[in-house]
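Colleague: I would like a close look at a single part of this model: the place where the two chains meet. Please take me through it, then set it in its surroundings.

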Amino acid sequence: MSSKEDQVALLQGTLDLIVLRALSTMGPLHAYSLATRLEQVSDHPLSLNQGTLYPALVRLEQKGWIKGTWQKTDNNRDAKYYAITKAGELALTKQTERWRKLAGLVDKLLLES
Amino acid sequence: MAAVRRLFLRLAATLNGRRADADLAREIDAHLQLLQDRYRAQGMNAPDARLAARRAFGGVVNAKESQREARAFQWLSSSLIDFKLGARMLVKYPGLTLVSGIGLAVVTAMAAMSFRVGSLFLDPSVPLEEGDRIVSLQYWDPVVNDAEPRVLHDFITWRDTLRSVVDVGAFRQVSRNLIAADTSPETVNVAEITASGFRVARVPPFLGRPILDTDERPGAPSTLVLGYDIWQRRFSADPQIVGKTVQLGSATHTVVGVMPEGFAFPIANSVWVPLRLEPSRYELRKSPQISIFARLAPGATREQAQAELTTVAARTAAASPATHRQLVPQVIPYTYSFSDMEDPSNAMVLHIIQWLVVLLVVVVCVNVASLIYARTAAREDEIAVRTALGAGRGRIVAQLFLEALLLSMVAATAGLALAAAAFRAVAVAVVPLAGRLPFWMDLRLTAGTGAYVMALTVLAAAIVGAVPALKATGRGVQNRLQGLSRGGGTAMRLGWAWTALIVAQVAFTVALLPPALFHAWSFLQSGLVEPPHVAREFMTAQLVTERLGGSDQNPASDPEFMSRYKIRHGELMRRLLAEPGVDRATYMLQVPGEERLVWVEVEGAGRRVPIASQKDGAVRAGTLGHEARYNRVEPGFFDTFGVPVLRGRALNMADTGSNAAAVVVNRSFAQQIGRDTEVIGRHVRYVGRSGDVQAEHVTLERWYDIVGVVGDTPVTPPALFGNVRPRIYHAAAPGEIYPVTIAAHVSGGVPGDFAPRLRAAAASVDPTLQLRNVLTIDEVLSQETLMARLIAAAIGLLTVSVIALSAAGIYALMSFTVARRRREIGIHTALGARPHRILTRVLSRAFRQIAVGAALGLTVAVILEQVTGGELMNGRGAMVLPLVALLMMAVGLGAALGPALQGLRIDPAEALRDE
């Protein structure tokens with residue numbers, strides 16, 4: 001596999017992890033509020049188009065980790081709310097652990113060199 | 001589980017693409033609305049808020065596209081498109097679709113049938129509970145290369161000692177008359193079987209009980225178990241049947257049970273009685289013939305059973321070396337001992353046949369591939385444009401493969417339907433002739449057959465679609481694009497391989513067509529002829545009688561048996577003539593039209609009649625002798641069948657007996673073999689293969705005297721049975737033929753109730769007297785006719801489809817090669833060449849290729865004709881072969897002519913501009 005592909009896979013995995021984490025801590029959210037949340041936690045608010053979120057949502061829904069239902073927002077607009085499923089929680093725990101290990105490894109490597 | 005769920009969701013999304021798209025559009029709209037709301041709240045006006053929202057969201061189309069990609073199986077949705085394109089292609093080229101579809105369908109049908117028939121023999125599974133654990137135990141005698149069935153003593157030893165198999169049992173089949181009160185007797189296939197047979201089969205009786213071990217003891221009451229069909233038919237499904245008595249041949253039995261529907265173990269049996277054979281009455285290897293079966297003990301394997309049997313047999317061989325030294329004990333799958341599959345060479349023949357059929361599939365596929373290749377070449381522009389638009393090579397190959405897959409799938413479906421229909425026809429035509437099939441033989445297509453055909457379908461699609469596609473996309477697509485900008489002409493090159501293909505096509509067709517059509521024709525001739533009306537007025541039956549003592553010696557050489565048989569035969573003839581409506585009756589060896597083939601040589605007074613007369617086709621080179629049909633008849637036979645004596649005299653009683661020399665021949669014999677010269681007073685003898693056919697009736701090389709010439713039998717249509725009409729008759733007295741066939745003439749047609757009356761008459765003479773094949777001559781001949789039609793249809797269909805494919809292949813390749821030179825032709829015209837000279841040039845090249853192919857095919861055909869001694873085309877090859885060669889030339893030249901004329905019509909200026 002080329003290094004470019006690795007990078008993409010890593011980024012994708014990261015986005016999925018972030019979405020799962022947000023849904024797990026904040027409860028059901030629609031894509032807009034998820035995007036807003038991402039803007040809040042990231043340092044560069046406009047580095048990510050909000051539309052970029054959609055492939056990740058589809059991916060996660062197909063894996064059965066999240067589930068979307070149409071509901072009304074506070075200001076009475078239709079929106080699709082995504083909630084994390086049991087399988088999603090389980091996956092989040094595993095992915096988080098994996099991420100921590102990976103991040104720790106990278107940290108260690110960076111410190112050594 | 002999760003993986004399955006994901007797969008399912010994606011599949012659903014692929015198939016529900018539009019709904020998912022609409023859902024996403026709605027979601028994105030809502031998202032944009034929320035963003036707008038935020039910007040409005042921050043104080044922007046509506047248009048600015050909308051713009052800002054769009055900016056923040058990014059490319060809507062991109063989001064949709066990436067979502068779609070993540071959602072669906074891209075390859076699947078593109079495959080669906082390819083299938084649609086493929087279907088459109090099939091419709092767009094109907095001729096190509098039809099020719100290649102029929103070819104593939106016929107060859108698929110053949111493959112399905114050969115696979116199914118092969119697995120009926122090779123697949124040892126038996127439709128009984130744990131049927132694959134039922135085995136046959138037998139001795140193989142390598143000296144005669146066959147199983148040794150006289151193994152009663154060994155059966156007792158094996159039953160008492162073997163531990164790796166349980167319920168060791170034995171049976172033998174006999175046919176007996178079943179006689180019940182108020183009904184006419186019926187000959188049934190009885191299994192004399194040990195009680196263990198019912199334990200091995202593990203099928204409980206429908207009524208009453210099966211045969212028990214106690215029934216086998218000497219002196220125990222005679223018991224009998226009935227099959228479901230016979231209970232329904234002969235006993236009107238009498239629920240009180242158990243305990244009643246029925247007569248089976250000369251013995252009376254008490255019915256103890258009825259087996260459920262479909263039960264026919266051990267082979268195709270409908271009545272079961274206990275096997276009571278006492279080994280003490282027989283010497284070793286002189287006992288009646290039996291078959292031994294058993295079930296593998298729980299946990300035991302066939303290899304373990306084989307090892308144990310080998311040990312036991314080694315002890316027997318040591319004790320009785322004279323009889324058992326060379327015998328090889330075998331534990332084989334149950335069905336193998338009845339289908340002769342224990343002999344590896346038989347199994348190998350079946351495998352070879354299957355592989356040959358696969359080879360035929362490949363040949364047909366290559367033919368179809370050449371057709372498709374020519375079409376692919378015509379679609380070069382499309383392929384080039386698609387490549388330019390970014391389609392990868394794999395994508396285009398996949399498209400062409402899927403198109404071919406669609407074609408082969410449609411063809412395979414038709415082929416399976418054809419195979420199923422053929423099996424049904426065979427079941428209708430053959431089963432009444434051969435009797436019931438063994439219970440494990442089910443002539444229906446199974447899931448296994450389906451899977452096999454699926455695999456072949458993919459193989460066919462790979463050859464038909466992918467190979468031409470790989471070639472078409474391989475190289476020069478760039479050149480093609482450049483060519484496209486200039487227009488006209490085709491860039492695909494047909495190299496020497498394709499020239500070779502044309503030559504091979506023509507050769508194959510020329511070599512194959514004549515013998516195949518010739519054979520189909522001779523079968524068709526038999527199949528087309530309806531038996532004459534008078535055939536309905538003759539009822540025939542073969543007379544067999546029960547043989548006591550279980551001796552296996554030939555009955556005709558047992559004088560005591562034959563004298564008993566003679567008395568019964570004579571008595572039955574008297575009763576037959578006493579039946580109302582019967583005005584004449586006679587007997588013979590074989591029903592007219594069913595006589596066996598012999599080879600004869602006629603000699604005059606010290607002068608041999610020249611054998612070689614290739615012209616009339618009666619003589620086959622290399623077989624030495626003329627084909628004729630042989631019969632032994634009562635002297636009154638000719639009167640009964642209304643056969644006129646044309647010259648000389650008829651046969652009489654003085655001509656009977658083994659020393660008699662007088663024979664009578666029919667008109668066809670006199671004309672074809674006697675070559676229209678007087679045959680009376682000449683001698684005739686049997687030569688060549690005659691001895692194989694009729695070992696007990698024919699004395700080879702002995703001279704017989706022709707004393708008369710009779711007309712042809714009115715009951716047999718003249719064109720029936722491969723045109724072999726010469727017949728030769730010997731006289732036979734009662735008691736000289738076993739088994740004899742009797743015939744009775746009933747004016748105005750045989751009434752429907754005649755067969756039961758005949759059976760009753762036979763039973764009143766002797767309950768053990770069995771009538772087989774109780775049929776009118778019309779019925780006998782109709783069955784033969786149906787078989788002939790089936791065979792003719794099979795050969796004809798296969799030949800026609802292969803030939804049509806071949807011709808279409810030649811046509812496609814020829815027109816393709818000429819189409820390639822269209823521009824060249826145009827330029828030549830522009831430069832002032834005369835049209836007819838150009839035409840001659842183009843056609844002469846096509847002609848050369850076809851001529852080489854035809855010459856090659858003719859050579860192969862002539863060699864085959866020589867090797868088979870003229871059997872392939874019955875000596876008519878000299879006439880048929882050139883015709884076929886001419887036909888192929890016409891097809892090829894016709895194919896070349898069209899594109900060549902097109903080339904001539906091209907505007908010369910346009911042709912030059914292209915350059």
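Modeller: What follows starts at the contact between the chains and then moves outward.

This is a predicted model, so every value below is computed from predicted coordinates. Begin with the extent of the contact. On one side are 26 residues of chain B, and they touch 24 residues of chain A. Together the two chains bury about 2200 Å². Carbon and sulfur atoms carry 55% of that area. Within chain B, the residues that lose the most area to chain A are E27(B), H31(B) and L34(B). Those three together make up 28% of what the chain B side buries.

Now the charged links. Three salt bridges are counted between chain B and chain A. One of them pairs R77(A) with D37(B), and their closest N and O atoms are 2.8 Å apart. Polar contacts follow. The rule finds six residue pairs in polar contact across the interface of chain B and chain A, both partners at pLDDT 80 or more.

Which elements of chain B give two or more residues to this side? They are α1 (2–15), α2 (17–41), α3 (46–57) and α4 (60–71) of chain B. Helix α2(B) gives the largest share, twelve residues. By class, the chain B side holds eleven nonpolar, five polar and ten charged residues.

A second bridge across the chains deserves its own look. D78(A) pairs with R26(B) in a salt bridge, with the closest N and O atoms 3.8 Å apart. The cut-off for such a pair is 4 Å, so this one counts. D78(A) sits in strand β3 (residues 78–84) of chain A, and R26(B) sits in helix α2 of chain B, so the pair joins two chains. Both ends are partly exposed. D78(A) has a relative accessible area of 35%. R26(B) has a relative accessible area of 40%.

Next, a buried residue of chain A that touches chain B. H30(A) lies in strand β1 (residues 29–30) of chain A. Its relative accessibility is 8%, so H30(A) counts as buried. Leaving aside neighbours within four places in sequence, H30(A) is in contact with T73(A), A79(A), K80(A), Y81(A) and L34(B). L34(B) is also one of the chain B residues that lose the most area to chain A.

Still in chain A, take helix α3(A), residues 53–62. Eight of its ten residues are buried, so the helix is largely enclosed by the rest of the structure. The buried ones are L53(A), Y54(A), P55(A), A56(A), L57(A), V58(A), L60(A) and Q62(A). Just after this helix, G64(A) takes a positive phi of about 80°.

Then the nonpolar cores. In soluble globular proteins, nonpolar side chains tend to be buried together. The largest nonpolar core here has 48 residues. F669(B), V684(B) and F754(B) touch the most other members of that core. Leaving aside neighbours within four places in sequence, F754(B) is in contact with M539(B), L576(B), E579(B), V582(B), A744(B) and V746(B). Another core, of 37 residues, lies apart from the largest one. Its members include A22(A), A31(A), L32(B) and A52(B).

Step back to chain B as a whole. There are 28 helices and 22 strands in chain B. Of its 915 residues, 51% count as buried. Consider contacts in chain B with a separation of 6 or more. Residues 24 or more positions apart account for 82% of them.

Finally, salt bridges beyond the interface. The whole structure has 30 salt bridges over all chains. Inside chain B, E192(B) and R172(B) meet through their side chains in a salt bridge at 2.9 Å, N to O. This pair links distant parts of the chain. E192(B) is in strand β4 (residues 186–193) of chain B, R172(B) is in strand β3 (residues 165–179) of chain B, and they stand 20 residues apart. Both E192(B) and R172(B) are buried.

A salt bridge also joins the side chains of R150(B) and E148(B), at 2.9 Å, N to O. R150(B) is partly exposed, with a relative accessible area of 29%. E148(B) has 5% relative accessibility, so it counts as buried. These two belong to a network of salt bridges that links D141(B), E148(B), R150(B) and R285(B).

Note on methods: Residues are numbered from 1 along each chain as its sequence is written. Chains are lettered from A and ligands numbered from 1 in the order in which they are written. This is a predicted model: local features need pLDDT of at least 70, side-chain atom pairs count only at pLDDT 80 or more; totals for chains, interfaces and linings use all residues. Side-chain values use heavy atoms; hydrogens and water are left out. Contact means heavy atoms within 4.5 Å. Buried area is the accessible area (1.4 Å probe) that two parts lose on being put together, summed over both. A polar contact is a pair of N or O atoms within 3.5 Å; within protein, one must be able to donate a hydrogen and the other to accept it, and residues adjacent in sequence count only if both atoms are side-chain atoms. Helices (H or I, at least four residues) and strands (E, at least two) are DSSP runs, numbered from the N terminus. Ala, Val, Leu, Ile, Met, Phe, Trp, Tyr, Cys and Pro count as nonpolar, Asp, Glu, Lys and Arg as charged, and the others, Gly among them, as polar. Buried means under 20% relative accessible area, exposed over 50%, partly exposed in between (1.4 Å probe, protein chains only). A nonpolar core is a set of buried Ala, Val, Leu, Ile, Met, Phe, Trp, Tyr and Cys residues joined through side-chain atoms within 4.5 Å.
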